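Let's take a walk through a protein together, one stop at a time. Keep the 3D view open and turn it as you read.

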Amino acid sequence: MNDRMDKIVALCKRRGFIFQSSEIYGGLNGFWDYGPLGVELKRNVKDAWWKDMITNHDEYLVPPGAPQTFSMVGLDCSLIMHPQVWKCSGHYDLFHDQMADCRETKKRYRFDHLSGRWAEHKGKRVFITTDKDADEGYAHVRKRALQFFGLREKEADQVVFGTGPHGGLAAQLGKASPVAHTPTEPVEKLLDIWEADCLANVLAPDAEAVGTLTEPREFNLMFKTTIGALAGDEGTAFLRPETAQGMFVNFKNVLDTQRVRVPFGIAQAGKSFRNEITPRNFTFRSREFEQMEMEFFCHPDQSYEWYKYWRDRRYAWYTNLGLSKEKLILRDHAKDELSHYSVGTADVEYAFPFLEDGKYGELEGIAHRGDFDLRSHMEGKLVKNEKGHLVVELDANGKPKYQGSGRDLTYFDDQTRERYTPHVIEPAAGADRATLAFLCEAYHEDSQPDDTGALQERVVMKLHPKLAPVKAAVFPLVKKIGMPEFALELYREIKAAGIPCVYDQQAAIGKRYRRQDEIGTPFCFTVDGQSIDDKTVTLRDRDTLEQRRIPASNVVEEIAARLKG
Ligand code: GAP
């Protein structure tokens with residue numbers, strides 16, 4: 001991570017946004033706890049999503065030909081579902097990564113993350129790996145090569161770097177002059193050069209000896225658990241790796257119990273679990289995280305229009321809550337990137353500070369999933385045949401490999417008298433990743449004059465007021481002449497209106513403002529001598545630093561108006 005990211009992580013810990021899980025026992029990699037401010041921030045992110053998707057969703061700008069109103073409803077499904085769900089969805093067979101273990105350091109790596117370069121010195125050829133990306137990866141490889149061969153920087157030109165399956169250039173070079181190397185040269189994936197016998201010449205990212213990496217093997221990302229006292233496969237279940245399947249398996253329940261018509265959406269926010277091989281970048285890739293997913297069921301003929309609708313609408317949600325358009329992109333997937341079921345996917349991606357310039361990390365994927373999911377849960381696990389059609393996967397005996405539910409998950413439109421399997425558009429977001437992006441965007445440093453006029457460094461979290469964990473703070477200027485009593489009364493009035501608020505009478509006023517700036521409190525109200533006389537207070541704005549007097553009786557109204565905007 002870089003300097004800016006280190007500061008954000010430090011602030012998160014210092015002010016109680018995010019802590020390492022089980023920290024007093026040394027922490028648990030890939031697991032995080034949200035502190036008193038973090039839990040409020042993440043709840044505000046999820047509430048903003050829920051309101052936008054369910055309670056306050058509106059229907060403006062619907063695709064041509066679509067109804068002017070449509071239903072959006074919510075669910076809260078169990079974390080453990082019937083194992084057949086994951087067999088039919090494809091997660092049981094397909095949801096894995098290739099991983100390799102290092103026998104020396106006992107570390108485990110995602111095989112597709114390992115990259116590096118052949119390096120040769122005095123006839124010894126080694127593939128030096130790193131699990132860092134691109135440019136930094138090359139610099140890292142070069143440094144490790146020098147270390148490995150026991151050379152100093154000024155002897156760097158004695159190392160020959162090569163590419164290709166068997167050392168490419170390096171293998172053929174013999175006594176040829178060293179290859180010029182620049183940090184812009186890309187490293188190559190271990191996967192591309194991998195052959196079982198070459199692992200003997202591979203230096204693992206954190207090892208000192210060569211040949212310590214095991215051959216790659218499949219590793220299912222679902223966490224296994226056991227239900228009840230049943231032993232063996234019969235009792236085996238999985239913690240859900242996504243919330244989406246809850247919506248598919250309840251499609252009929254929602255249809256039968258609610259007055260909904262296609263098109264309509266079902267949404268859910270909740271925990272998902274993935275046994276990620278290399279959790280990293282703070283909460284960005286965790287093993288336990290929260291998703292905010294919505295499945296939108298629509299007529300196949302309108303599905304592409306709806307896909308575009310949700311794609312654009314979801315991008316706008318992030319910018320409306322403060323992410324800058326310079327750092328946020330909407331990237332359409334290339335054909336070879338699409339999941340096996342998808343006919344179109346776009347990602348909302350953010351330029352997180354832990355990434356190199358020009359790189360983006362995924363916040364949300366908006367996928368056109370066709371009828372893959374409902375059909376899978378009717379018929380059994382689907383695969384694409386040679387004509388590109390989805391068909392039930394068969395076992396060696398010609399029977400469905402995994403049996404579907406056999407339930408009818410089609411939709412009958414009683415107005416057009418048409419029966420069909422709806423297509424699905426899925427905006428799938430991560431609550432932790434969105435929270436992290438809002439935290440990164442909010443972090444600012446500037447300098448402001450203190451009470452004596454001297455410039456003081458200020459850290460200010462410019463969180464959107466809707467997301468800020470604390471909305472208002474009330475300060476008596478000094479602890480006398482009735483100011484604390486007046487301020488406490490105002491504080492209680494704000495709290496009674498359901499607005500998160502703090503009361504602070506400790507330290508100089510400038511210090512109190514900075515304490516609130518650092519946690520992103522947008523509005524501070526100061527009670528001074530004049531307040532006692534004319535019942536006004538000073539409202540200080542976190543971002544503009546503007547201060548103006550308003551009647552104390554208008555404070556709640558003023559905050560509510562600003563939170564609405
Ligand atoms: N139902 C589709 C689905 O789950 P996904 O792209 O695997 O799609 C959706 O996940 C979102 O969940 C991602 O865009 C990301 O925001 C979040 N997410 C996925 N894996 C995560 C992880 N290991 N840690 C934190 N968030 C994760």
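Before we start, one bit of vocabulary: strands here are DSSP runs of E with at least two residues, and they are numbered from the N terminus. Also keep in mind that you're looking at a predicted model.

With that in hand, go to the ligand. The strands β15, β18 (361–370) and β23 (423–430) each supply at least two residues of the shell around it. In total, 20 residues surround the ligand, and the closest are Glu-242, Arg-274, Ser-286, Glu-293 and Glu-362. Let's look at some of these one by one. In the side chain of Glu-242, an N or O atom sits 2.7 Å from a nitrogen atom of the ligand. Arg-274 also uses its side chain: a polar atom there is 2.8 Å from an oxygen atom of the ligand. Ser-286 does the job with its backbone, where an N or O atom lies 2.8 Å from a ligand nitrogen. How much of the ligand's accessible area does the protein cover? On its own the ligand has 550 Å² of accessible area, and the protein covers 89% of that.

Next stop: the rings. Two numbers describe a pair of aromatic rings, namely the distance of the centres and the angle of the planes. This structure holds 27 aromatic pairs. Take Phe-251 and Phe-297, whose ring centres are 4.6 Å apart with 40 degrees between the planes, which makes a tilted pair. Trace the chain and you'll see that this pair links distant parts of it: Phe-251 belongs to helix α9 (residues 251–257) and Phe-297 to strand β15 (residues 288–298), 46 residues apart. Both Phe-251 and Phe-297 are buried.

Now compare that with Tyr-309 and Trp-310. Why is this pair called edge-to-face? The ring centres are 5.0 Å apart and the planes meet at 85 degrees, and an angle over 60 degrees counts as edge-to-face. Tyr-309 is buried, with a relative accessible area of 11%, and Trp-310 is buried too, at 0%. These two rings have company: ring pairs link Phe-70, Phe-296, Trp-306, Tyr-309 and Trp-310 into a cluster.

Rings can also have a charged side chain over the face. Arg-433 lies over the face of Phe-284, 3.7 Å from the ring centre. You'll find another example at Tyr-513, where Arg-540 lies over the face at 4.3 Å from the ring centre.

Let's zoom in on two single residues. Thr-345 is in strand β17 (residues 344–350). Is Thr-345 buried or exposed? Its relative accessibility is 8%, so Thr-345 counts as buried, since the cut-off for buried is under 20%. Leaving out residues up to four places away in sequence, Thr-345 touches Tyr-307, Arg-331, Asp-332, His-333, Leu-338, Ile-366 and Ala-367.

Lys-46 is the second one, and you can find it in helix α2 (residues 36–55). With a relative accessible area of 21%, Lys-46 is partly exposed. Again not counting residues up to four places away in sequence, Lys-46 touches Glu-290, Met-292 and Ala-431. With Glu-290 there is a polar contact, side chain to side chain, at 3.0 Å. Try picking out His-464 as well: Lys-46 and His-464 are 418 residues apart in sequence, but 14 Å apart in space, C-alpha to C-alpha.

Finally, let's visit some backbone details. Val-262 and Pro-263 are joined by a cis peptide bond, with omega at about 5 degrees. Pro-263 is in the loop between α9 and β14 (264–273). Which residue in the loop between β1 (18–20) and β2 (32–34) should you click next? Go for Ser-22, which has a positive phi of about 50 degrees although it isn't a glycine. At 36% relative accessibility, Ser-22 counts as partly exposed. Leu-545 isn't a glycine either, and its phi is positive at about 65 degrees. Look for Leu-545 in the loop between β29 (536–541) and β30 (547–551), where it counts as partly exposed at 26% relative accessibility.

Conventions:
Residues are numbered from 1 along each chain as its sequence is written. This is a predicted model: local features need pLDDT of at least 70, side-chain atom pairs count only at pLDDT 80 or more; totals for chains, interfaces and linings use all residues. Side-chain values use heavy atoms; hydrogens and water are left out. Rings of Phe, Tyr and Trp (its six-membered ring) pair if their centres lie within 6.5 Å; planes under 30 degrees apart count as stacked, over 60 as edge-to-face and the rest as tilted. Helices (H or I, at least four residues) and strands (E, at least two) are DSSP runs, numbered from the N terminus. Buried means under 20% relative accessible area, exposed over 50%, partly exposed in between (1.4 Å probe, protein chains only). A charge sits over a ring if NZ of Lys or CZ of Arg is within 6 Å of the ring centre and within 35 degrees of the ring normal. Contact means heavy atoms within 4.5 Å. A residue is near a molecule or strand if one of its heavy atoms lies within 4 Å of it. A polar contact is a pair of N or O atoms within 3.5 Å; within protein, one must be able to donate a hydrogen and the other to accept it, and residues adjacent in sequence count only if both atoms are side-chain atoms. Accessible areas come from the Shrake-Rupley method with a 1.4 Å probe; for residues, only the protein chains shown count as cover.
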